[in-house]
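Trainee: Could you take me slowly through one part of this structure, the sheet and the aromatic rings that lie beyond it? I would like to see how the pieces fit together, step by step.

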Amino acid sequence: MPELPDVEGFRRTLASCAQGRRVERAEVADPGVLHGVTAQRLKRDLKGRRFAAPRRHGKWLIAPTDGPTVVLHFGMTGRLVCGADSEPAGRFQRVAFDLDDGHRLGYEDQRKLKGIWLAATDDDIDRIIGDQGPDALSLSRAELDRLLEGRRGRVKATLTDQAVIAGLGNLLGDEILWHARIHPRRPVNALTDGERDRLHTALREVLRASVRAERVPDDPDWLTGRRDDPDPHCPRCGNPLRRGRISGRTSLWCPHCQREDA
């Protein structure tokens, strides 16, 4: 599932492929990924428009033009690809932008859980992306403390709540907590100063490495690298890992390194 580092990679793809380029035409193969805009209007309003520098907030990608702004969310299976406009479209390409230099920027998505919006104003962008916390990549230790202050929920659910911190999904939540040696069910209001220090350090280091890789790395020295093993063991201590449902999501942790009663 695309999380902050994946979407940061898509931002780079859009910037390298389309920034400064004019849209010769927009093609809509599947209007089911469009939200609040028809295929005809998308084609009409973007034809001849030039992409400016894209930006990201959490899992949202915001792509301004010299007219309306394209707002993208990638759900569980979405991605952006860049290639020559003469190349055959990918099997799951839903929308494509043919550019004035002969390149095509394609939005692909197998499951179509999110998609593309068109915004005329900043207020429209705010309405589309909804209630979002600060971007996880920008969090200082003081800001993390402020966001956690007074909260009583479990730390995994809090970290992955987009209204609290934008950009962290299931993989990042588990990975950060494993690096920090904090159990995902630990109550936020029970975290010590030392645990908050470890949490912020892990968040910063995991995100930096993930952004470089443009995904959560499946390195065997990381929790994510053991996630799909039939009998996963902790890459740090070698003890068996445990799976369980936390806030409706399958979570993975090490009961030896991440003690619930710590």
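Mentor: Let us begin with two strands, β4 and β8, which pair in the antiparallel sense over 5 bridges. One place to find this pairing is T69, which stands opposite A119 in β8. Please keep in mind throughout that you are looking at a predicted model.

These two strands belong to an open sheet of 4 strands, whose order is β2-β3-β4-β8 and whose pairing is antiparallel. The edges of the sheet are formed by β2 (55-57) and β8 (115-119), each of which pairs on one side only. From one strand to the next, the twist averages 25°.

Two helices lie across this sheet, and it helps to take them one at a time. Helix α3 (residues 122-129) lies across β2, β3, β4 and β8, and its direction makes an angle of about 150° with β8. Helix α1, in turn, lies across β2 and β3 (60-64), where it runs at about 15° to β3.

Helix α1 also leads us to the aromatic rings. A pair of aromatic rings is described by the distance of the centres and the angle of the planes. The model holds 4 aromatic pairs in total. In one of them, F10 and F74 have ring centres 4.5 Å apart and planes at 50°, so this pair is tilted. The two residues come from distant parts of the chain, since F10 sits in helix α1 (residues 4-18) whereas F74 sits in the loop between β4 (69-73) and β5 (78-84), 64 residues apart. Both F10 and F74 are buried.

F74 has a further partner, Y107, with which it forms another tilted pair, the centres being 5.7 Å apart and the planes at 35° to each other. Because F74 lies in the loop between β4 and β5 while Y107 lies in strand β7 (residues 103-109), this pair ties together parts that are 33 residues apart in sequence. Y107 is buried, as F74 is. Taken together, the ring pairs link F10, F74 and Y107 into a cluster.

With Y107 we have arrived at strand β7, which deserves a look of its own. Of its 7 residues, 6 are buried, so β7 is largely enclosed by the rest of the structure. Strand β5 is joined to β7 by 7 bridges, and the two run antiparallel. Within that pairing, C82 stands opposite L105 in β7. Strand β6 (residues 93-99) is also joined to β7, here by 5 bridges and again in an antiparallel arrangement. The bridge partner of F97 is L105 in β7, and C82 stands opposite L105 as well, so that you can use L105 as a landmark when you trace both pairings. Strands β6 and β7 form a hairpin with 3 residues between the strands, and in this hairpin G102 takes a positive phi near 90°.

To retrace the path, you can start in helix α1, which lies across β2 and β3, and find F10 in that helix. From F10, the cluster of ring pairs leads through F74 to Y107, and Y107 places you in strand β7, to which β5 and β6 are joined by their bridges.

How values were computed:
Residues are numbered from 1 along each chain as its sequence is written. This is a predicted model: local features need pLDDT of at least 70, side-chain atom pairs count only at pLDDT 80 or more; totals for chains, interfaces and linings use all residues. Side-chain values use heavy atoms; hydrogens and water are left out. Rings of Phe, Tyr and Trp (its six-membered ring) pair if their centres lie within 6.5 Å; planes under 30 degrees apart count as stacked, over 60 as edge-to-face and the rest as tilted. Buried means under 20% relative accessible area, exposed over 50%, partly exposed in between (1.4 Å probe, protein chains only). Two strands pair if DSSP finds at least two bridges between them. Axes are lines fitted to C-alpha atoms, for helices over the stretch in contact, and angles run from 0 to 180 degrees between N-to-C directions. Contact means heavy atoms within 4.5 Å.
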